[in-house]
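Trainee: Could you walk me through one part of this structure slowly? I would like to look closely at a single sheet and what surrounds it.

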Amino acid sequence: MIKVNELRKQYATHEAVKGISFSVAQGELFAFLGTNGAGKTTTMNMLCTLLDATSGTVTINGHLLGTQQGNDHIRRSIGVVFQQNVLDARLTVEENIRARAATYHLSKDTYMKNYAFVREYLQLADIEKRYYGTLSGGQKRRADIARALIHRPHILFLDEPTTGLDPKTRQFVWQTIKRLREETNMTVFLTTHYMEEAAVADTVIILKDGRIVAEGTPHTLKMMHAYDVLTLVFTDVMHGEQWLRDRQIAYDEKQGVYTVAVTSPLEALQLLKQAEPFLASFEVVKGTMDDVFLHVTNEEVVSV
Amino acid sequence: MTAFWQLVFRHQKVFRRDKMQVFFSLLSIIIVIALYIVFLQNMQLDAIAQVTTVTDATKAMVNEWLVAGLLSMMAVTTTLGAFGIFVQDRDGHVSIDFLTSPMSRIAIQLSYVVHAWMIGLLSTVLALSVCIVFLGVTSGSWLTIGTIAEVLGLLTLSVLLASACNMLVIVFLQSQQAFSTFATLVGTLLGFLCGIYIPFGVVPSFIQTAIMYFPISHTTLLLRQALMEDSMASVFMGAPASEQLSYMLQYGVVYELHGTLLSTTWSVVYIVAWTVGLGIAGALLFMYKKR
């Protein structure tokens, strides 16, 4: 569906994207992560035909990006939900969607059919006659997604779609994406700062300084870059500490709670059996995408 | 309705619903009317009283002078106000939404120009309608069909020139704040550069020369000639031709550049040349500035 080969973007004195290559299969949920300034938005803008690439090739839905004809076909194939609100505050939701639909040269019948589709999917009935500017953040996001889907694209680009939204709206957005993928086999290209969202993707790419520093499924990335953590509270602290030192297990201690990195829950189980005589309580915490991100970028992650 | 006209329709709706934007595009007109009521009318009438008797025809002539300045100024400020949507869309990232659609870049840009042109024309034609009634009621002098047709033609030309000028400038205005500042400056400058706030003959000769090279001032000039023709003939009936010419030069009804009186044809050609030149330059800039 999307094939990117050695894509580069050079600004006057700064190379924002440094020769990245990846591919996205049809129906896939593809998460594109990175620190601020890593090149995520630049890459997305190039894929959405908003920016010209300096070099490299991109094909989307079989069309070559960068040619007039290719870009026209690509624009018909994609829907974009931007991070910021791009609809008109002084138009109603329906007026906004109608105006945007016109730019896709949809016939009246097609528009009516597509509008009925997005109206149902995004639950627009209660907001379609209201001015976009008077809507809450969550309602605006529903309208934004409806606008992106009005021409029934094959690929949906989502640029940090849930940033600043309340948990209920975020859940609604994700349920909608899930339903779209299940019912229409839509390909979804997502950029996000929320690692828990990336964890449900089929493929994750992490970008740093314009380069791909990690790529794989969330599971493989966690296997490679994240550790499970075993926390222990001992009934006999002296024995517990001695036991850790004897086995040369690296640990961290805070207020009587000992933290140990383990490669798997099975390793944790073996340690727990040995420590059982002087153990008061324990907890096994699975490695997360946060750990992966921190590990490969050496950056702080945004807490959810 | 085609995609292009749907987009133009969208610009119109967004513009019309922004009451403040509509108000500010008319602000300079309100200032002109206020200045006229406060002193511009009396100043002219006092000056005319020194050479001839002030009659209803004189008042009609002076009112027509005001209306000509007002309409030419309106052609510029309303198209500029309408172009505000372009700056607003770019500043508020709305334009990137259009750019991800299959509509051509040129069609998107052109939709803003057509929108501005339509707003300018509609506003000036509406203003002309009000002015016709104003002139008729205040001085009993109703414009003839021929004069109205001539003025409508000149307004079309004025709006085209204003659209071309504004299109070129707004490409460089990156924010709403910059646009607002520019719009305020334009409103004020136009009043002087078109000889509306103060009579043309009062300013120093080098400024007069600059004004004569300023293309928009020629639309004011032509509108004055069209609107004031009958009333001037009535006011200066029997007076020496030199007195009428002196008035016309003093109040910017005719220009004398390097000792030569500029003809109507000269002004029309000058306006058309600028419109075409600025239009091409603006279109090229639009095309090369993708975002």
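**A sheet in chain A**

Mentor: Let's start with one pair of residues: A:N5 stands opposite A:T57, which sits in β4(A). Before going on, please note that this is a predicted model, in which local features need pLDDT of at least 70, side-chain atom pairs count only at pLDDT 80 or more, and totals for chains, interfaces and linings use all residues. Residues are numbered from 1 along each chain as its sequence is written, while chains are lettered from A and ligands numbered from 1 in the order in which they are written.

Now to the strands themselves. Strand β1 (residues 2-10) and strand β4 (residues 55-60) of chain A run antiparallel and are joined by five bridges. Strands here are DSSP runs of E with at least two residues, helices are runs of H or I with at least four, and both are numbered from the N terminus. Two strands pair if DSSP finds at least two bridges between them. In general, strands of a sheet pair through backbone hydrogen bonds, either parallel or antiparallel.

On to the next neighbour: β4(A) and β5(A) also run antiparallel, with two bridges between them. One residue to find here is A:T59, whose bridge partner in β5(A) is A:L64. The hairpin of β4(A) and β5(A) has two residues between the strands, and A:N61 takes a positive phi near 55 degrees in this hairpin.

Put together, this is an open sheet of four strands in the order β2-β1-β4-β5 (chain A), with antiparallel pairing. Its edge strands are β2 (15-24) and β5 (63-64) of chain A, each pairing on one side only.

What lies across β1, β2 and β4 of chain A? That is helix α1 (residues 40-47) of chain A, which runs at about 120 degrees to β1(A). For such angles, axes are lines fitted to C-alpha atoms, for helices over the stretch in contact, and the angles run from 0 to 180 degrees between N-to-C directions. Two residues are in contact if their C-beta atoms, placed from the backbone, lie within 7 Å.

Finally, a wider view: over residues 2-234, chain A is 36% helix and 28% strand, and the end C-alpha atoms are 53 Å apart.
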